[in-house]
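Thanks for coming. Please have the sequence and the model open while I talk.

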Amino acid sequence: MAVANFPALQFKTCDIFRSTPKCFKLLPLQKTNLFVKTLVVEAKANTRTESAKTRNRRMLKKFNGTPRRPRLSVFCSEKQLYAMLVDDKNKKCLFYGSTLQRSIRDDPTCTTIDAAKRVGEELVKACIDLNINEISYYDRNGFARGERMQAFEIAISNYGFLPT
């Protein structure tokens, strides 16, 4: 901390109140000690995943799913893919599919990329049954497009959900 000496401010009553004819000092001249603390600004750099999560939270405030135009939320872990059609207005999940489901992964020889494509096809079938023609927002949760995500996107873009 640095110490600085500043003289106190001096005012005369005639400076403040112009109507009084007599002038006298309000404050005597004295020295006061002020402690000056230096300001240290530290910048915190966000990691790539933190900034993606921040972006995703900001986008969720703008786009809400309805029963006619639900939000498509896709989560991709290291090995699997999970997809949901969400109606945010009524707080309901209209469709859920993952590459772990036995109905999607018929044989054990099926790879996760093929299973992700089947999840997209099941999503399209569910949309046709629910009479859903478009989605309000495609929510990837900030994840990059890997092979499983691309296989899923190709399957749903054939129906017209995503621009090609």
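**Strand S4 and its neighbours**

Strand S3, residues 71-76, is joined to S4 by six bridges, and the two run antiparallel. Keep in mind throughout that this is a predicted model.

To fix the register on that side, take Arg71: its bridge partner in S4 is Val86. The connection is a hairpin, with four residues between S3 and S4.

Now the other side of S4. Which way do S4 and S5 run, and how many bridges join them? They run antiparallel, and six bridges join them. Two pairs give the register here. Tyr82 stands opposite Ser98 in S5, and Asp87 stands opposite Lys92 in S5. S4 and S5 also form a hairpin, again with four residues between them.

So much for the pairing; next, the covering of S4. How many of the seven residues of S4 are buried? Five of them are, and the strand is mostly covered.

Let me go back to the turn after S4. Strand S4 covers 81-87 and strand S5 covers 92-98, and Lys91 lies in the loop between them. Which backbone angle should you look at there? Phi: for Lys91 it is positive, about 55°, although this residue is not a glycine. In the hairpin, then, the residue in the turn with this positive phi is Lys91. Is Lys91 buried or exposed? The relative accessible area of Lys91 is 75%, and because exposed means over 50%, Lys91 counts as exposed.

There is a second residue to look at, in another loop. Asn131 sits between helix H3, residues 112-130, and strand S6, residues 137-139. Its phi is near 60°, a positive value, and Asn131 is not a glycine either. For Asn131 the relative accessible area is 44%; it is called partly exposed because that value lies between the cut-offs of 20% and 50%.

To sum up. S4 is joined to S3 by six bridges and to S5 by six bridges, and five of its seven residues are buried. Lys91, in the turn between S4 and S5, has a positive phi of about 55°, and Asn131 has a positive phi near 60°. That is what I wanted to show.

Definitions and conventions. Residues are numbered from 1 along each chain as its sequence is written. This is a predicted model: local features need pLDDT of at least 70, side-chain atom pairs count only at pLDDT 80 or more; totals for chains, interfaces and linings use all residues. Side-chain values use heavy atoms; hydrogens and water are left out. Buried means under 20% relative accessible area, exposed over 50%, partly exposed in between (1.4 Å probe, protein chains only). Two strands pair if DSSP finds at least two bridges between them.
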